[in-house]
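Please open the model in your viewer and keep the sequence panel beside it, as each stop below names what to select and then says what is there.

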Amino acid sequence: QVDWRYPVFAPFAGPTGGAILKPEFRRFVNLTPEPGAQVVGTFDSGEPFLIERRVGTGSIVAVASTLGNAWTDFPINAMFVPFVYQLARYAADDHRARTMYTVGDNVSLAGNLADRWEVRTPSGAVYRVDADSTGSAFFLRTDEVGHYIAMAGTRRLPFSVNVDRAESALASRDTDEAYASVVAPAVEQPDYADTASIALEAEEKRQKLWRWFLLAALAVFALETILANRPNRTS
């Protein structure tokens, strides 16, 4: 049995998460929890499988069996790798307050019911935020990039606000979209064959006009020749 509310097991709660309860454990260490320790998982026999104890600002998490296949077939279970990942992630978490945000994020300031936080922005402006009925306060004016300082009494919480990195995402683009962004839009081009034929027809018309002028000049010359060679008639 496991406590599905525990951070290590919470991601497996659901119709398919029950597979994490199927492995067979042939051997395990019989652990006796000390006062203050929390048993979050047990074997069918009732002995502890997973125990956590808070020590200072950290935790000790003890597993009563091995992570190899000498004592159990858990390593060949589909949930083994996700379980180990969740266990390592939880054990490595130092539970400190978040200090990095993006422009537009809401900053959660956890404290007491009567707390009044003063938040200084990178430009020097100071805003006051009161805690709600749960002791939490939320700072919303994160439209300025830089380093902020939140203070409530003797508590001091520095945090930073960065620009949105969405523009740096190198996600693949649709082929048509990428092509349209680099190729000029199609413009209807004239039919060069038709243009050439029009020019040829105009040239032929000019040549025909010169032929008429040439024929007219020849006719004038011929008439002049005839008139010049006609014998003179004297009375």
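Begin with the protein chain as a cartoon and follow it along the sequence, where the elements of this predicted model appear in the pattern β-β-β-α-β-β-β-β-β-β-β-α-α, which comes to three helices and 10 strands.

Next, select the whole protein chain and switch to a surface: about 17,700 Å² is exposed, and carbon and sulfur atoms supply 56% of that area. Of the 235 residues in the chain, 21% count as buried, that is, they have under 20% relative accessible area. If you then display contacts with a separation of 6 or more, residues 24 or more positions apart account for 50% of them.

Now select β4, β10, β9, β6 and β7, which in that order make up an open sheet of five strands with mixed pairing. Which strands stand at the edges of this sheet? They are β4 (100-102) and β7 (126-130), and because each has a single partner strand, one side of each is left without a neighbour in the sheet. Viewed across the sheet, the twist averages 30 degrees from one strand to the next.

For the last stop, narrow the selection to residues 146-152, which form strand β9, and residues 155-162, which form strand β10; these two strands pair in the antiparallel sense over seven bridges. As a general reminder while you inspect the backbone, strands of a sheet pair through backbone hydrogen bonds, either parallel or antiparallel. Finally, pick I149 and look across to β10, where the bridge partner of I149 is P158.

Conventions: Residues numbered from 1 in each chain as written. Predicted model: local features only at pLDDT ≥ 70, side-chain atom pairs only at ≥ 80, totals over all residues. Heavy atoms only, no water. Helix = DSSP H or I, 4+ residues; strand = E, 2+ residues; numbered from the N terminus. Buried < 20%, exposed > 50% of the residue type's maximum accessible area, 1.4 Å probe, protein only. Contact = heavy atoms within 4.5 Å. Areas by Shrake-Rupley, 256 points an atom, 1.4 Å probe, with all protein chains shown as cover. Pairing = 2+ DSSP bridges. Axes fitted to C-alpha atoms, helices over the stretch in contact; angles between N-to-C directions.
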